Amino acid sequence: MLGGDEFISSPPRKTVRFGGTLTDILLKYEKGETTDFELLKHQLSDPDIKDAQIINWLHEFRASVVYLTKEFEQLVSILLKLPWLRRSREVVEEYLGFLGNLVSAQTVHLRPCLRMIVSQFVPPRITIREDDVDISDSDDDDENLSENFNTCHRALQTVARYVPSTPQFLMPILVENFPFINKSERTLECYVHNLLRVTVYLPTLRLQILELIIEKLLKLDVSTPQQDIEDAEEAANNSNNDEKSTEEGLFDMEEDEERKGNKVVSSRSERMAHPLAERLDILMTILFSYIKDVCHVDGKLDINNTKDLYRDLVSVFDKLILPTHASCHVQYFMFYICSFKLGLAEAFLDHLWKKLHDPNNPSVIRQTAGSYIGSFLARAKFIPVVTVKACLDLLVNWLHKYIDNQDTGANAYCDVALHGPFYSTCQAVFYTLIFRHKQLLDGNLRKGLSYLQSLNFERIVMCQLNPLKICIPSVVNLFAAITRSKKTIDPFYQFWEELSAEDLENLKKPIKKGTSEDEDDDFLKGETPQNDGVVGIAPNSYESYTRSPVSSIGSPPDCYVLYPQ
């Protein structure tokens, strides 16, 4: 697996002297004679050090690693700072051999070695002078960047091969070195990509690494209000001479670089105007690519790999996504992997259903699970009508049983604090019906209407819990504020189709056609759209979502029922 293994076991060639052998210098230092030792450190720290010198010194150190105890950690630190990565192949291979020898003989230096390797997971920093000011930034033009990353992973594999406990020491270092979100897009992109590469050869770290990445993505997501993204996009559109109508919203729905006549869409349209949104977009694209690569072998779906990754992603979803308020985009990693096979989508729906109807779960988690069920059923093209109907039957039956249990109780009144999961389930059912009505009625209108009537919505909406006062079925826009990563989702995403006047008359639903404004998508937000004074999915999250973005495309009218104030 490792091209540099032969260097680990190969004997050193001719030694190099520093007023004596390296062993002599180290033994003298232990006796208090520091002159030669200081000279050695100076020579190793020389910025003009030559390849031949590095190779000779590394040979000498490989033969003397037994003496490099904790007492010499300063010297080891200097060795770990040698500019080995961007040197000749001979230097690189010799250095990999040195690392293997060092960690094998002196595990006390394992952490510093790992820190050195991980520090190379981002492009090197360069200083650019602009207007008499020195600006430090990543070197995006490094032609050898990809090769350097490959070498870093070889180094990490070398260390892991000789020290089996490497993963437990590595993970905290990966966390510590994760770049701040205000770092350059390229820096974040490279680091996340390299973290995901680690999971390939250190699979025991995959769950923790996915948690780390998705946690950072969530911070980006919730710190980038959707309205701010839309304002930035609108301003960018205006500055570009209205090349894109504001009604087109956040996305250019054409493919990248699609030719319109003889004109090629400029690369500017591929970028988000909001810098944090652009970072999120890039990182989501990397995550989607990783999911696809893991699940497919030679272009075909590998069911075992897919199941294993699905389990890890569901674990991350439960731990990070469900409890997070106002997440708009990150949760789409579940949407994406479920699109690979219907069984995964059904398993995910079953998982959410168990979260929803389990009274031992916190109410806020149950409500969020209900919101995700509704959005998933409504939006996922890959879920067939038969599955939609099965889920509707399950949800509606639960609602009727809930009403049965409340009819004679003292709590049979409208109160979201008491009945949050009930209202969330109502929202899921209404939302699903609004988006899937055409499929439910397709083929046989009479049979479709009979099915809908069998659900007995009248009893639900007229019960004492008054769900129409709490739940406003939000039918909304597409996956907002993401462009590149959006294209991964689009083929599986169900857009809203307007109900015809004839269908409305046949259904005789107490639904009023409102304005073309829309609200934040349930699957995007992971929450139930609400009127003023209704608790959201997280504690202390009282909000009103009645104001909608003006830059919406393909949006249906809001469907709602007037309720007493």
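Why does Val-66 count as exposed? Val-66 sits at 55% relative accessibility, so it lands in the exposed class, for which the cut-off is over 50%. Keep in mind that this is a predicted model.

**View 1. A nonpolar patch out on the surface, built around Leu-27, Val-66 and Tyr-67.** Together Leu-27, Val-66 and Tyr-67 make a patch of about 240 Å². If you're hunting for Val-66, look in the loop that links helix H4 (51-62) to helix H5 (73-80).

**View 2. The largest nonpolar core, with its best-connected members.** This core takes in 143 residues, and the ones touching the most other members are Leu-174, Ile-291, Phe-333, Met-334, Ile-337 and Phe-376. Helix H13 (residues 275-295) chips in the largest share, 12 residues. As a rule, nonpolar side chains in soluble globular proteins tend to be buried together.

**View 3. Phe-333 and its neighbours.** Leaving out residues up to four places away in sequence, Phe-333 touches Ile-214, Leu-287, Phe-288, Ile-291, Leu-313, Phe-317 and Ile-321. Ile-291 shows up again here, since it is listed with Phe-333 among the core residues that touch the most other members.

**View 4. Helix H17 (residues 363-379), mostly covered.** Of the 17 residues in H17, 15 are buried. The helix reaches 24 Å from first C-alpha to last, close to the 24 Å expected at 1.5 Å a residue.

**View 5. Zooming back out to the chain.** The protein chain has 25 helices and 8 strands, and 54% of its 565 residues are buried. Its accessible surface comes to about 25,900 Å², with 49% of that belonging to carbon and sulfur atoms.

Methods
Residues numbered from 1 in each chain as written. Predicted model: local features only at pLDDT ≥ 70, side-chain atom pairs only at ≥ 80, totals over all residues. Heavy atoms only, no water. Patch = residues over 30% accessible without salt bridge, like charges linked within 9 Å, V, L, I, M, F, W, Y side chains within 5 Å. Areas by Shrake-Rupley, 256 points an atom, 1.4 Å probe, with all protein chains shown as cover. Salt bridge = Lys/Arg side-chain N within 4 Å of Asp/Glu carboxyl O. Helix = DSSP H or I, 4+ residues; strand = E, 2+ residues; numbered from the N terminus. Buried < 20%, exposed > 50% of the residue type's maximum accessible area, 1.4 Å probe, protein only. Expected span 1.5 Å × (residues − 1). Core = buried A, V, L, I, M, F, W, Y, C linked by side-chain atoms within 4.5 Å. Contact = heavy atoms within 4.5 Å.
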